[in-house]
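Work through the exercises below with the sequence and the 3D view side by side. Each task is followed by a solution that goes step by step.

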Amino acid sequence: MRKFFWISCLLVICAWAGNAQKYALIDMEYILKNIPAYEMTNEQLSQVSKKWQNEVDALQQEAQNMYKTYQSDLVFLSDEMKSKREEEIVKKEQEAQDLKRKYFGADGELYQKRASLMKPIQDEIYNAVKEIADAKGYQIVVDRASAMSIIYASPKIDISNEVLAKLGYSK
């Protein structure tokens, strides 16, 4: 009987503490879609990416053309000329791969450019969320777009429009 009393008290205390915390949600995708600077940044990154991809494609095409020429001239080439041409083709293919890695690799120029352009926007959103959370007493603000375990959340606790208003993009 005593155990039952203490377990009941513990459950009541936990339930009371859980109700005391305030939660809010934001939808980062929704917020970003409503910020013109984000759209302009994405367009700028897309243009840079296309330009760099064209450079990589040009090198790869050049390597393919060298290989086709090599195949057509194969009958007329000496062993020394064959190996020299093969080395040139391999070198050109490696150059294309290196350029691709430089631009699009895990820590490539596109990643660095994206980080440098997006960081100010993300910092601005973070500061707006923090100010709203501090003002309204939210202990946790969860991003609905990236929280895969949220099955349902009441629209009443979504503060995305407040964040946009705080940033000057009211809906």
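**Exercise 1: two tyrosines in one helix**

Tyr67 is partly exposed, at a relative accessible area of 40%, where buried means under 20%, exposed over 50% and partly exposed in between, with a 1.4 Å probe and protein chains only. This is a predicted model, in which local features need pLDDT of at least 70 and side-chain atom pairs count only at pLDDT 80 or more, while totals for chains, interfaces and linings use all residues. Residues are numbered from 1 along each chain as its sequence is written, and side-chain values use heavy atoms, with hydrogens and water left out.

Task: decide whether Tyr70 is buried or exposed, and work out where Tyr67 and Tyr70 lie relative to each other along helix H3.

Solution. Begin with the accessibility of Tyr70, which is 8%, so this residue counts as buried. Next, place both residues in helix H3, where they are three residues apart and therefore separated by about one helical turn; helices (H or I, at least four residues) and strands (E, at least two) are DSSP runs numbered from the N terminus. Finally, compare the rings, whose centres are 6.3 Å apart and whose planes meet at 35°, so the pair is tilted. Rings of Phe, Tyr and Trp (its six-membered ring) pair if their centres lie within 6.5 Å, and planes under 30 degrees apart count as stacked, over 60 as edge-to-face and the rest as tilted.

**Exercise 2: a pair between two helices**

Task: explain why the pair of Trp52 and Tyr103 is stacked.

Solution. By the ring rule there are three aromatic pairs. In the pair of Trp52 and Tyr103, the ring centres are 4.5 Å apart and the planes are at 5°, so the pair is stacked. This pair links distant parts of the chain, since Trp52 belongs to helix H3 (residues 36-73) and Tyr103 to helix H4 (residues 79-104), 51 residues apart. Trp52 is buried at 10% relative accessible area, and Tyr103 is buried at 7%. Ring pairs also join Trp52, Tyr103 and Phe104 into a cluster.

**Exercise 3: the last helix**

Task: find which residues of helix H6 (residues 160-167) are buried.

Solution. The buried residues are Ser160, Val163, Leu164 and Leu167. They cover an arc of only 100° around the axis (taken from the directions from the helix axis to the C-beta atoms), which puts them on the same side of H6. These buried residues pack against strand E1 (23-26), helix H2 (28-33) and helix H5 (109-136). Just after H6, Gly168 has a positive phi of about 95°.

How values were computed:
Contact = heavy atoms within 4.5 Å.
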